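Me: I have the sequence and the fold up on my screen. Could you walk me through the sheet, strand by strand, and tell me what sits around it?

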Amino acid sequence: KGQKPEGVAYKTTDVRAKVVGINYDTRTVDLMGPNGNIIPVEVDPSVENFKNIKKGDQVVARYTEAIAISVRPAGTTKK
């Protein structure tokens, strides 16, 4: 009866990483994190001076993890 529970939780993290690969045409970079893991990243068009980034540069990448939960009666979905 009444409002069902729902919520959103998120966490934003900044990571300093080294550029180990770059593709200017596709706006992607391969970043090596502090633990040595390599992650491919698409660079948003709003990032200025992308053409000035080169292998070996240190950058700060920000990413957000999120989860949403909504409780509904069995057999129903929210659209």
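Reply: Here is a walk through the sheet, followed by the loop and the charged pairs beside it.

A word on ground rules: this is a predicted model, so local features need pLDDT of at least 70 and side-chain atom pairs count only at pLDDT 80 or more, while totals for chains, interfaces and linings use all residues. Residues are numbered from 1 along each chain as its sequence is written, and side-chain values use heavy atoms, with hydrogens and water left out.

Let's start with the layout. Four strands make an open sheet in the order β3-β2-β1-β4, and the pairing is antiparallel. Strands here are DSSP runs (E, at least two residues), numbered from the N terminus, and two of them pair if DSSP finds at least two bridges between them. The edges are β3 (38–42) and β4 (58–70), each of which pairs on one side only. From one strand to the next the twist averages 45 degrees, using axes that are lines fitted to C-alpha atoms and angles from 0 to 180 degrees between N-to-C directions.

Now the β1 and β4 pair. Strand β1 covers residues 6–23, and 13 bridges join it to β4, with the two running antiparallel. If you want a spot to zoom in on, take A17, whose bridge partner in β4 is V59.

There is a charged link across this pair too. D14 makes a salt bridge with R62, with the closest N and O atoms 2.7 Å apart; the term means a side-chain nitrogen of Lys or Arg within 4 Å of a carboxyl oxygen of Asp or Glu. Because D14 lies in β1 and R62 in β4, the pair ties together parts that are 48 residues apart in sequence. D14 counts as partly exposed at 45% relative accessibility, whereas R62 is exposed, at 63% relative accessible area. The cut-offs are under 20% for buried and over 50% for exposed, with partly exposed in between (1.4 Å probe, protein chains only).

On to β2. Five bridges join β1 to β2, again antiparallel, and one residue to look at is G21, whose partner in β2 is D30. β1 and β2 form a hairpin with four residues between them, and R27 in that turn has a positive phi of about 55 degrees. Along β2 (residues 28–32) the side chains alternate: V29 and L31 point to one face and are buried, while T28, D30 and M32 point to the other and are not.

That takes us to β3. β2 and β3 pair over five bridges in the antiparallel sense, and M32 stands opposite I38 in β3. These two strands form a hairpin as well, with five residues between them, and G36 in the turn has a positive phi of about 90 degrees.

Then follow the chain into the loop between β3 and β4, where you'll find G56. G56 is partly exposed at 39% relative accessibility. Leaving aside neighbours within four places in sequence, G56 is in contact (heavy atoms within 4.5 Å) with K18 and V19. The C-alpha atoms of G56 and G21 are separated by 8.6 Å, with the two residues 35 apart along the chain.

One last charged pair: K54 forms a salt bridge with D57, the closest N and O atoms being 3.6 Å apart. A search of the whole structure finds two salt bridges.
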